[in-house]
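Below is a short set of questions and answers on one structure. Each answer ends on the value or name asked for.

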Protein chains: 2
Amino acid sequence: MKCATILGPLGLLVSAVSAVKVNPLPAPRNITWGSSGPIPIRNVNLRTSDSHGHNNALIQNAWDRTWSAIVDLQWVPAATEAPIPVFDPFPTGAGKTKRASAATAVRSVQLSVTDGDADLQHGVDESYTLEVTATSGSVKITAHTVWGALHAFTTLQQLIISDGKGNLIIEQPVKIQDAPLYAHRGVMVDTGRNFITVPKILEQIDGLALSKLNVLHWHLDDTQSWPMQIRSYPQMTKDAYSTREIYTEADMRRVIAYARARGVRVIPEVDMPSHSSSGWKQVDPNIVTCINSWWSNDDWSKHTAVEPNPGQLDIIYNKTYEVVGNVYKDLSAIFTDNWFHVGGDELQNNCFNFSTYITEWFAEDPSRTYNDLSQYWLDHALPIFRGTGGPKRRLMMWEDIFINTDAAHNVPKDIVLQSWNNGLTNIKNLTASGYDVIVSSSDFLYLDCGFAGFVTNDPRYDVMTNPGGDVTFNFGGNGGSWCAPYKSWQRIYDYDFTANLTAAEAKHVLGAEAPLWSEQVDDVTISSKMWPRAAALGEMLWSGNRDASGQKRTTQLTQRLLNFREYLVANGVMATNLVPKYCLQHPHACDLYYNQTAVSP
Amino acid sequence: MKCATILGPLGLLVSAVSAVKVNPLPAPRNITWGSSGPIPIRNVNLRTSDSHGHNNALIQNAWDRTWSAIVDLQWVPAATEAPIPVFDPFPTGAGKTKRASAATAVRSVQLSVTDGDADLQHGVDESYTLEVTATSGSVKITAHTVWGALHAFTTLQQLIISDGKGNLIIEQPVKIQDAPLYAHRGVMVDTGRNFITVPKILEQIDGLALSKLNVLHWHLDDTQSWPMQIRSYPQMTKDAYSTREIYTEADMRRVIAYARARGVRVIPEVDMPSHSSSGWKQVDPNIVTCINSWWSNDDWSKHTAVEPNPGQLDIIYNKTYEVVGNVYKDLSAIFTDNWFHVGGDELQNNCFNFSTYITEWFAEDPSRTYNDLSQYWLDHALPIFRGTGGPKRRLMMWEDIFINTDAAHNVPKDIVLQSWNNGLTNIKNLTASGYDVIVSSSDFLYLDCGFAGFVTNDPRYDVMTNPGGDVTFNFGGNGGSWCAPYKSWQRIYDYDFTANLTAAEAKHVLGAEAPLWSEQVDDVTISSKMWPRAAALGEMLWSGNRDASGQKRTTQLTQRLLNFREYLVANGVMATNLVPKYCLQHPHACDLYYNQTAVSP
């Protein structure tokens with residue numbers, strides 16, 4: 001048998017010609033294939049001698065789900081990898097290598113977990129190994145925690161495929177050693193601008209688990225609506241969009257449990273003190289300010305909000321902190337994660353002009369600044385957040401609180417800052433200042449960009465001919481979307497967010513999240529805007545965007561991602577398609593460059 | 001009773017304060033409301049003394065469908081119109097006017113149709129009148145044709161709403177005189193780049209009918225795939241994406257019948273001689289050229305296609321015309337419309353270098369040009385298209401055949417040209433040259449723009465910092481979408497495509513179509529990319545984008561369109577949402593300008 005040695009689908013040197021068809025996403029950190037070919041799979045049982053403590057049922061349920069997906073889907077890879085073809089006028093041909101068929105069918109999964117009790121929290125060990133040999137008759141999985149075992153299952157789910165004739169097979173021998181590069185790998189959903197039903201949130205969790213993403217950042221409310229039932233203040237849901245568009249406590253617990261069963265943390269966000277009107281105003285109209293002001297983008301000197309509708313918590317009024325504390329306490333009793341996101345973005349100074357408490361506070365001492373006001377918020381709110389949260393509580397905020405013109409003077413270093421502006425520049429600034437950072441740079445990771453603006457009565461669209469000069473609003477420009485263009489999966493995957501950081505600074509980057517703000521999103525489009533782009537982020541955070549030689553492997557991700565998109569849809573996650581199906585069926589035929597290393601380090 | 005006189009939802013001076021809640025889309029040409037308020041609706045029967053010839057069943061079915069939609073949906077308007085509020089610090093208040101309740105319930109629809117036999121073809125009379133008075137007990141509808149009657153039904157469907165307590169009501173008295181501004185009002189779907197299932201095509205037809213759009217332009221195939229079963233050459237569907245992704249003759253007839261029952265014409269397109277590879281090559285590989293060439297966007301001097309994969313019909317090879325003729329004949333036997341679109345766009349000269357027939361033809365006479373080659377195509381193909389099509393056949397082509405550098409010398413004036421480039425400039429050029437035109441300007445009406453590029457191995461995304469200067473590719477630029485940005489509904493609605501035309505030229509504009517090219521579209525996103533934006537085009541083509549005073553009524557369309565989006569979803573058409581629901585519930589709160597006439601003539 002003579003094997004050509006080429007660059008395989010995983011960027012490793014593998015014996016190819018007839019390469020293995022499976023191409024799991026995210027690519028594992030280390031995977032080694034033999035060449036003896038697939039063996040059959042039969043009624044696989046999970047065998048484990050370990051106790052997983054209170055996670056025993058979780059791991060059995062996860063296996064049952066995995067096995068059902070394998071058997072029900074009978075997946076045949078929708079896109080396979082191959083070298084870029086040689087086109088006319090040069091004739092092409094490819095030999096095939098016959099493989100020996102292994103005799104032993106796989107009949108069990110042998111699972112070994114070291115610490116069955118480890119909780120699903122930031123930094124938990126998610127590593128696993130997976131091994132199949134021709135004669136073992138089983139898939140051997142080891143993991144330190146059940147959360148690593150879940151990842152092994154979702155890998156296995158992609159390794160076992162149908163032969164197209166009703167038989168399940170697995171390529172072997174194969175040995176995988178795997179662990180994520182980053183501990184925090186997530187997406188953000190926004191249920192304040194538009195309501196998302198629980199089933200659609202669960203669909204996102206399915207996508208997260210399959211992509212080995214492990215965080216659902218839930219931006220619960222915003223000025224526009226307040227969907228969460230709060231025990232202390234049931235009147236807050238008067239500002240839900242309707243009586244059907246409410247999350248009961250049971251709904252929230254259901255989402256958390258569903259996510260936990262799939263290894264996904266749910267981090268709640270109540271955005272404060274900006275982005276606050278709905279809900280709060282039902283408790284006491286005095287704890288919010290400027291809620292009935294004109295947002296005034298047309299007269300910028302009077303603008304009170306970056307988008308309709310306006311509203312901010314009144315930072316000086318004492319009762320604000322009482323209500324904030326009770327809401328935070330009620331939600332902390334529901335959400336099980338140690339982390340809680342308390343907002344802190346986009347404070348608008350003009351909004352505070354509508355508060356007599358604040359204008360009087362400024363009048364009392366003319367030396368006071370908006371920075372002092374931001375600091376006042378932190379000084380009064382953080383003790384509440386820390387006190388209720390307990391010793392394990394970790395707070396997360398948007399970078400604005402530290403980095404904006406009107407930032408607070410002293411932001412404690414244990415607050416995790418989420419960076420969304422100025423790409424590499426802000427990440428450098430935050431990490432150099434000693435903060436742990438979650439990367440959500442809008443130029444790379446905002447999934448809502450590029451759909452024009454949502455604001456109405458906008459005369460900028462009423463232009464018949466290109467006014468000329470360079471790129472303009474309606475002609476190649478942003479067309480009303482402040483963060484245009486739409487971020488392609490290639491754009492997301494190529495992002496080297498630790499470029500220019502020192503080793504010490506890079507350690508402060510805990511991971512990344514792709515936010516999907518929902519001004520123009522509800523149940524109809526949440527999944528197609530989220531997927532499969534978030535899965536490209538998933539791989540980048542799990543095993544990186546480069547191959548062993550340091551070359552960017554964006555082009556090698558192509559077929560893996562095209563197959564994975566079809567797999568998501570088959571699993572009920574309504575991901576958008578990315579290409580004419582022709583591209584999926586003809587590897588590299590839709591490349592922009594014939595040179596396969598056009599995307600460079 | 002004292003009524004304020006304000007600008008009502010339809011841009012008419014109506015007695016308002018408590019304005020009528022219904023706001024049908026498209027706005028009728030003429031509508032007059034009284035102020036005596038809604039009356040009940042009970043078990044409405046259709047009564048008609050006319051014969052509608054062979055359309056008797058069609059009109060009864062249409063009524064049954066309309067009545068079912070009314071009763072099943074029990075629609076309560078999701079967005080209602082109101083004047084822009086006065087914001088703080090000025091207090092606001094709105095009085096209410098009590099209305100007299102009318103005694104007589106509506107129990108029937110009295111339909112009168114002048115010409116029941118009129119066929120659904122370009123230019124058929126679509127006008128109707130609709131009247132309800134307090135004492136008539138019936139809705140009176142008159143129409144010249146059944147196609148006008150169908151439009152009356154879809155209007156009535158939006159006039160009858162639920163009172164939220166289980167009762168159906170209709171605002172009255174009301175009198176509507178209505179007819180479209182343009183005869184040709186459509187969208188284009190592309191089933192060549194990706195397959196769209198029949199149910200999803202029918203969903204688009206539902207949206208068309210509700211929006212009073214009347215043309216489905218079906219771009220059937222492209223180089224990437226050939227989904228249509230062709231009786232003469234069953235082997236062509238070997239180039240369908242799979243055996244499930246095929247349109248049988250029965251499928252195509254089903255789409256046509258479903259559309260006809262809803263007043264929608266189906267115009268087929270087989271794009272020739274460019275965009276041709278799949279299907280054709282299964283009949284005879286010699287009738288297509290350059291199909292196995294590298295598309296070579298990276299080496300532009302050798303590019304053979306504007307996108308992967310390459311392929312064009314061989315214009316000089318004789319058998320090409322035999323095969324084209326048989327395919328065209330088979331499809332003409334299925335599609336019932338007098339119009340047939342035969343493509344004609346984006347011929348790539350380099351592709352012809354791969355044909356020995358064509359290179360020899362050029363060598364025979366060095367004076368020959370690519371213009372001569374385009375003319376050769378017309379001279380040989382048009383007689384076939386006209387001959388098979390019969391005396392009523394009208395051919396439609398993309399403007400390229402007349403307007404490009406390599407255009408044909410002599411394009412017959414009876415060919416309808418579809419304009420997609422250079423906005424007003426090309427429309428002026430084509431109409432001044434005497435051609436009838438369908439407007440599809442890509443800067444205004446392309447619904448697929450703004451989703452980045454689909455081509456892979458694209459290093460342009462691999463940029464970490466803004467290279468600066470003006471707007472750049474990844475930072476406010478097109479991000480890989482050649483026709484970026486995404487076209488907002490405001491952009492579409494504002495388009496004055498007859499600006500700068502003489503009256504004679506304007507008469508040559510028969511209407512418009514919004515194309516949705518499907519490189520990045522399949523069943524998952526076709527409806528959300530199409531709707532509700534196509535409905536904004538629908539109103540613009542039906543009753544225009546200006547009010548009686550000539551002012552653009554884009555801002556007045558807002559609440560009508562936001563309600564209509566919810567109505568589409570309620571009717572099973574999966575339209576995307578446009579705004580936070582807050583905007584829908586608070587008229588004008590999300591306007592960019594407080595000045596309601598910011599969008600100008």
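Q: Which residue does the UniProt annotation "active site" cover?
A: The annotation comes from an unreviewed UniProt entry, and such annotations may be inferred rather than shown by experiment, with feature names shortened and positions given in the numbering used here. This is a predicted model, in which local features need pLDDT of at least 70, side-chain atom pairs count only at pLDDT 80 or more, and totals for chains, interfaces and linings use all residues. Residues are numbered from 1 along each chain as its sequence is written, chains are lettered from A and ligands numbered from 1 in the order written, and side-chain values use heavy atoms, leaving out hydrogens and water. The residue covered is A:Glu346.

Q: Is A:Glu346 buried or exposed?
A: A:Glu346 sits in the loop between strand 16 (339–343) and helix 7 (349–352) of chain A; helices (H or I, at least four residues) and strands (E, at least two) are DSSP runs, numbered from the N terminus. Buried means under 20% relative accessible area, exposed over 50%, and partly exposed in between (1.4 Å probe, protein chains only). At 18% relative accessibility, A:Glu346 therefore counts as buried.

Q: What is the phi of A:Glu346?
A: Most residues other than glycine have a negative phi. A:Glu346 is not a glycine, yet its phi is positive, at about 55 degrees.

Q: Which residues does A:Glu346 touch, not counting residues up to four places away in sequence?
A: Contact means heavy atoms within 4.5 Å. With that sequence exclusion, A:Glu346 touches A:Ser274, A:His275, A:Val306, A:Gln312, A:Asp400 and A:Trp420.

Q: Where is B:Cys290, and what is its relative accessible area?
A: B:Cys290 has a positive phi, near 65 degrees, and is a residue other than glycine. B:Cys290 lies in the loop between strand 14 (288–289) and strand 15 (312–313) of chain B. B:Cys290 is buried, with a relative accessible area of 4%.

Q: What is the omega of the peptide bond from A:Pro308 to A:Asn309?
A: Most peptide bonds are trans. A:Asn309 is found in the loop between strand 14 (288–289) and strand 15 (312–313) of chain A. The bond from A:Pro308 to A:Asn309 is cis, with omega near -5 degrees.

Q: Which residue does a cis peptide bond join to B:Ala484?
A: The omega of this bond is about 0 degrees. The partner lies in the loop between helix 12 (442–445) and helix 13 (489–493) of chain B. That partner is B:Pro485.
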